[in-house]
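Welcome! Take a moment to turn the structure around on your screen before reading on. The notes below go through it topic by topic.

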Amino acid sequence: MTDDAKKKIFKKPSRKALLILGAVIVTCAALWLVFGQGIVGDKNIDFKKLSKDKVPKSIETEVIPEYRELERALGCLIDGKVYVVVTRGEKPTAGYEADIDKIEIEKTKGGTNMKVHAAFTEPDGDKAVSQVATYPYVVAETELTSLPDSIEPVSYTHLRAHET
């Protein structure tokens, strides 16, 4: 191929074309940051509550014993999956329960924050319950593959068993 033929095929782009291309790239990047990364608003996270026999062993043997006496929400990264654990603390009788209603992720100045909306059920005062200390908790598997920078328990709702 001659030099003249190469020049015709590989023309130097005009300044106007470069400016337009740059503007399109900047606009696409801004839209991706705002909408694709969840900078605007909260993003609901899909999750599945696990039955006690489906809870990963490391949560059962390491996390639950350490946090079972506290009322809190926390996250664990196990085998590339994020699990959310909500503990209710020590309760004097049976009939207390912990549940997760919703999990959200929000972008903050400090990174990402997970909001865990938990529901706590108390025993019905009219029913007989076992007089034994219990440590209610719930574990959920999420779609996330990395832990957020912070976890915030919100919307702790205390319900009586007959109200659920």
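Which residues of the largest nonpolar core touch the most other members? They are Val 84, Val 86, Ile 100, Ile 103, Met 114, Val 116 and Leu 144, and the core holds 16 residues. Please keep in mind that you are looking at a predicted model. Let us begin with the overall picture and then come back to that core.

**The overall picture**

- The protein is built from 3 helices and 8 strands.
- If you walk along the chain from the N terminus, you meet the elements in the order α-α-β-β-α-β-β-β-β-β-β.
- The protein has 164 residues, and 31% of them are buried.
- Look at the contacts between residues at least 6 apart in sequence: 71% of these join residues at least 24 apart.
- The accessible surface adds up to about 10900 Å², with 55% of that area belonging to carbon and sulfur atoms.

**The nonpolar cores**

- The largest nonpolar core has 16 residues, and four strands each supply at least two of its residues: β4 (81-88), β5 (97-108), β6 (111-122) and β7 (137-142).
- Ile 100 is a good residue to click on. Leaving aside neighbours within four places in sequence, Ile 100 is in contact with Phe 47, Lys 49, Val 84, Val 86, Val 116, His 117, Ala 118, Val 138 and Ala 140.
- Another core, of 12 residues, lies apart from the largest one, and its members include Leu 50, Val 63, Leu 74 and Val 139.

**Helix α3 and its two sides**

- Which residues of α3 are buried? Ile 59, Val 63 and Ile 64 are buried there.
- These three cover an arc of only 95 degrees around the axis, so they sit on the same side of α3.
- A general rule helps here: an α-helix has 3.6 residues a turn, so residues three or four places apart point the same way.
- The buried residues of α3 pack against β3 (71-78), β4 and β7.
- On the other side of α3 you will find Lys 57, Thr 61, Glu 62 and Glu 66, which are exposed.
- Lys 57 also forms a salt bridge with Glu 60, at 3.7 Å from N to O.
- Both of these residues belong to helix α3 (residues 57-67), where they are 3 residues apart, about one turn of the helix.
- Lys 57 is exposed, with a relative accessible area of 59%, whereas Glu 60 is partly exposed at 29%.

**Strands side by side**

- β1 and β5 run antiparallel and are joined by 3 bridges.
- Within this pairing, Lys 43 has Ile 105 in β5 as its bridge partner.
- β5 and β6 also run antiparallel, and 11 bridges join them.
- These two strands form a hairpin, with 2 residues between them.
- To see one pair across the hairpin, find Glu 104, which stands opposite Lys 115 in β6.
- As a general point to try out while you look at strands, side chains in a regular strand alternate between the two faces of the sheet.

**Salt bridges that link parts of the chain**

- How many salt bridges does a search of the whole structure find? The search finds 8.
- One of them joins Glu 143 and Lys 43, whose closest N and O atoms are 4.0 Å apart.
- Glu 143 lies in the loop between β7 and β8 (150-160) and Lys 43 lies in strand β1 (residues 42-44), so this pair ties together parts that are 100 residues apart in sequence.
- Both partners count as partly exposed: Glu 143 has a relative accessible area of 39%, and Lys 43 has 47% relative accessibility.
- Glu 122 and Arg 88 form another salt bridge, with 3.7 Å between the closest N and O atoms.
- This pair also links distant parts of the chain, since Glu 122 is in strand β6 and Arg 88 is in strand β4, 34 residues apart.
- Is each partner buried or partly exposed? Glu 122 is partly exposed, with a relative accessible area of 22%, while Arg 88 is buried, with a relative accessible area of 2%.
- Salt bridges with shared partners bring Glu 71, Arg 88 and Glu 122 together in one network.

Note on methods. Residues numbered from 1 in each chain as written. Predicted model: local features only at pLDDT ≥ 70, side-chain atom pairs only at ≥ 80, totals over all residues. Heavy atoms only, no water. Buried < 20%, exposed > 50% of the residue type's maximum accessible area, 1.4 Å probe, protein only. Contact = heavy atoms within 4.5 Å. Areas by Shrake-Rupley, 256 points an atom, 1.4 Å probe, with all protein chains shown as cover. Core = buried A, V, L, I, M, F, W, Y, C linked by side-chain atoms within 4.5 Å. Salt bridge = Lys/Arg side-chain N within 4 Å of Asp/Glu carboxyl O. Arc of directions from axis to C-beta. Pairing = 2+ DSSP bridges.
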